[in-house]
Amino acid sequence: QVQLAESGGGLVQAGGSLRLSCAASGRTFSRYAMGWFRQAPGKEREFVACISWSGASNTYYSDSVKGRFTISRDNAKNTVYLQMNSLKPEDTAVYYCAVNTESPYSSRSFRRPNDYDRWGQGTQVTVSS
């Protein structure tokens with residue numbers, strides 16, 4: 001089974017940058033699509049970005065982060081990243097990474113929380129104005 005652990009969250013001023021990492025256990029990490037979601041207090045968990053098993057050729061973003069965030073993966077390190085630039089106060093949330101192990105080698109855009117079957121514990125990102 002794949003287990004996930006996020007890191008890299010913190011407090012940053014508006015306009016700043018952070019890079020989140022999600023380390024995965026398991027030798028089959030490279031087969032699976034990975035996603036980032038976020039959840040602000042009192043709100044539903046929302047899609048941020050996802051990347052297919054093959055990497056940068058298949059990445060997808062929500063409209064709210066497109067052009068500011070970049071998802072990438074390093075299969076040799078079993079890690080997926082979320083580079084977040086030009087951060088805004090409305091980006092404040094707990095950020096979660098997730099993996100879809102039920103559709104290996106898929107290039108689909110998995111945008112729903114129910115598309116994923118394993119989740120990390122989350123990392124807090126706070127953007128001050």
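**View 1. Thr 70 and its contacts in the predicted model.** Set aside the neighbours within four places in sequence, and Thr 70 touches Tyr 61, Tyr 81, Leu 82 and Gln 83. This is a predicted model, so read the close-ups that way. Thr 70 itself sits in strand β7. Buried or exposed, or something in between, for Thr 70? Its relative accessible area is 41%, so Thr 70 counts as partly exposed. For a sense of distance, look over at Cys 50: its C-alpha atom and that of Thr 70 are 9.6 Å apart, with the two positions 20 residues apart along the chain.

**View 2. Strand β4 and its partner β9.** Strand β4 covers residues 33-39, and 6 of those 7 residues are buried, so think of this strand as mostly covered. Which way does β4 run relative to β9 (residues 93-100), parallel or antiparallel? The two pair in the antiparallel sense, with 7 bridges between them. Zoom in on Trp 36, a β4 residue, and you'll find Cys 97 as its bridge partner in β9. Trp 36 has 0% relative accessibility, so it counts as buried. Pro 113 is 77 residues away from Trp 36 along the chain, yet the C-alpha atoms of the two are separated by 9.6 Å.

**View 3. The β4-β5 hairpin.** Strand β4 also pairs with strand β5 (residues 46-52), again running antiparallel, here through 5 bridges. Phe 37 makes a handy landmark: its bridge partner in β5 is Phe 47. Together β4 and β5 make a hairpin, and 6 residues lie between the strands. Have a look at Gly 42 in that turn, where phi is positive, at about 80°.

**View 4. Arg 38 with Glu 46 and Asp 91.** Side chains of opposite charge can pair when their charged atoms come close. Arg 38 shows this with Glu 46: the two form a salt bridge, and the closest N and O atoms are 2.6 Å apart. How covered are the two partners? Glu 46 has 34% relative accessibility, so it is partly exposed, whereas Arg 38 has 5% and therefore counts as buried. Arg 38 also meets the side chain of Asp 91 in a salt bridge, at 2.9 Å from N to O. That second pair links distant parts of the chain: Arg 38 is in strand β4, Asp 91 is in the loop between β8 (79-84) and β9, and 53 residues separate them.

**View 5. Asp 91, Arg 68 and the network.** Asp 91 has 0% relative accessibility, so it counts as buried. Which other arginine does Asp 91 bridge to? Arg 68, with the closest N and O atoms 2.8 Å apart. Arg 68 lies in the loop between β6 (55-61) and β7 (69-74), while Asp 91 lies in the loop between β8 and β9, so this pair ties together parts that are 23 residues apart in sequence. Arg 68 is buried too, because its relative accessible area is 12%, and buried means under 20%. Put the pairs together and you get one network: Arg 38, Glu 46, Arg 68 and Asp 91 are joined by salt bridges that share partners. The model's salt-bridge count comes to 6.

Technical notes
Residues numbered from 1 in each chain as written. Predicted model: local features only at pLDDT ≥ 70, side-chain atom pairs only at ≥ 80, totals over all residues. Heavy atoms only, no water. Buried < 20%, exposed > 50% of the residue type's maximum accessible area, 1.4 Å probe, protein only. Helix = DSSP H or I, 4+ residues; strand = E, 2+ residues; numbered from the N terminus. Pairing = 2+ DSSP bridges. Salt bridge = Lys/Arg side-chain N within 4 Å of Asp/Glu carboxyl O. Contact = heavy atoms within 4.5 Å.
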